[in-house]
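I opened this notebook to keep track of what I looked up in one structure, and in what order. The entries below are brief, and each keeps to one topic.

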Amino acid sequence: MSVVNNFFGHLRTITKHRHMVIKHCKKAGILWQGLRHDLSKYSPTEFIPGVKYYTGTKSPNEGERIDKGYSVAWLHHKGRNKHHWEYWLDFGVDGIYACKMPTNYVIEMFCDRVAASMIYQKEKYTDSSALEYYENGRGKILIHPETDALIHHLLKYLSEHGLDQTIHYIITEIKE
């Protein structure tokens, strides 16, 4: 792929993803968070590696990790976006620990994961896609048990009831 194709492909992918998250966040009653979602992806620290490692089928951060052993773009991103569980890691006298995420950020994380599954899987997407992805890495992450329980519950609910019913459930039963 050429740099021009990568530039516009990456721009199109992150913008399409962001707009889908905004749509889901609006339905879930957290429009303001949706409007601010992933704005750091347009910063040079994240955008330039995004173009360099763009494939259109997976996160460019994976390509940067393969190339460098870590992703500068991801380190920048997760430190500025509260809908990622990694943002909520802290260091104390006993080492690194996971803080419980506020519910509104777990809801945004749900919207983000669903949108990412839809964008990357395209026609292969099902309402179980985000749950399967989460469960695949679940045992390898340091996430607060209550945060883990809530995001897992929402993704499982999605797989059993579909997006519209899950959004309704979030609004009526989960959102504080």
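The entries that follow go through the pocket, the salt bridges, the cysteines, the surface patch and a few backbone details.

**Entry 1: the model and its largest pocket**

I note at the outset that this is a predicted model. I began with the largest pocket, for which I found a volume of about 1200 Å³. Of the 39 residues that line the largest pocket, I wrote down those closest to its centre, which are Ser59, Glu62, Trp74, His84 and Tyr133. I then asked which helices supply at least two residues each of the lining of the largest pocket. These turned out to be helix H1 (3–27), helix H3 (44–52), H4, helix H5 (72–78), helix H6 (103–121) and H7. The largest share of that lining comes from H6, which gives 7 residues.

**Entry 2: salt bridges**

I counted 5 salt bridges and looked up three pairs among them in detail.

In the first pair, the side chains of glutamate 64 and lysine 68 form a salt bridge with an N to O distance of 3.2 Å. Both residues belong to helix H4 (residues 60–68), and because they are 4 residues apart there, about one helical turn separates them. I also checked how much of each partner is covered: glutamate 64 counts as buried at 1% relative accessibility, whereas lysine 68 counts as partly exposed at 41%.

The second pair is arginine 138 with aspartate 148, whose side chains meet in a salt bridge at 2.8 Å, N to O. Arginine 138 sits in the loop between helix H7 (129–137) and helix H8 (145–161), and aspartate 148 sits in helix H8, so this pair ties together parts that are 10 residues apart in sequence. For arginine 138 I recorded a relative accessibility of 28%, which counts as partly exposed, and for aspartate 148 I recorded 13%, which counts as buried.

The third pair, lysine 156 and glutamate 160, forms a salt bridge in which the closest N and O atoms are 3.2 Å apart. Both of these residues lie in helix H8, 4 residues apart, or about one turn of the helix. Lysine 156 is partly exposed, with a relative accessible area of 37%.

**Entry 3: cysteines**

How many disulfides are there by the sulfur distance rule? I found a count of 0 disulfides. Cysteine 111 is in no disulfide, since the nearest cysteine sulfur, that of cysteine 25, is 4.0 Å away, and the rule asks for a pair of sulfur atoms within 2.5 Å. Cysteine 111 is buried, with a relative accessible area of 1%. Cysteine 99, in turn, is partly exposed, with a relative accessible area of 25%.

**Entry 4: a nonpolar surface patch**

On the surface I looked up a nonpolar patch of about 400 Å², which is made by Leu89, Phe91, Ile96 and Leu142. I followed one of these residues further: phenylalanine 91 lies in strand E1 (residues 89–92), and at 63% relative accessibility phenylalanine 91 counts as exposed.

**Entry 5: the loop after E1, and two separations**

I went on to aspartate 94, which is placed in the loop between E1 and strand E2 (95–98). Is aspartate 94 buried or exposed? Its relative accessibility of 78% makes aspartate 94 count as exposed. From aspartate 94 to tyrosine 133 the C-alpha atoms are separated by 30 Å, the two residues being 39 residues apart along the chain.

For glycine 34, which is in helix H2 (residues 31–36), I found a relative accessibility of 0%, so glycine 34 counts as buried. Glycine 34 and valine 93 are 35 Å apart in space, C-alpha to C-alpha, and 59 residues apart in sequence.

**Entry 6: positive phi values**

My last lookup was the backbone angle phi in two residues. Aspartate 38 is not a glycine, yet has a positive phi of about 60 degrees. This residue, aspartate 38, is found in the loop between H2 and H3 and counts as buried at 2% relative accessibility. Lysine 122, also a residue other than glycine, has a positive phi near 50 degrees. I located lysine 122 in the loop between H6 and H7, where lysine 122 is partly exposed, with a relative accessible area of 47%.

Terms used:
Residues are numbered from 1 along each chain as its sequence is written. This is a predicted model: local features need pLDDT of at least 70, side-chain atom pairs count only at pLDDT 80 or more; totals for chains, interfaces and linings use all residues. Side-chain values use heavy atoms; hydrogens and water are left out. Patches are made of residues with over 30% relative accessible area and no salt bridge: like charges are joined within 9 Å, nonpolar side chains (Val, Leu, Ile, Met, Phe, Trp, Tyr) within 5 Å. Accessible areas come from the Shrake-Rupley method with a 1.4 Å probe; for residues, only the protein chains shown count as cover. A salt bridge is a side-chain nitrogen of Lys or Arg within 4 Å of a carboxyl oxygen of Asp or Glu. Buried means under 20% relative accessible area, exposed over 50%, partly exposed in between (1.4 Å probe, protein chains only). On a 1 Å grid over the protein atoms alone, a cavity is a set of points where a 1.4 Å probe fits but cannot get out, and a pocket is an open set with protein on both sides within 12 Å along at least five of seven lines; lining residues have an atom within 4 Å of a point. Grid points are joined across faces, edges and corners, and a volume is the space filled by probe spheres set on the points.
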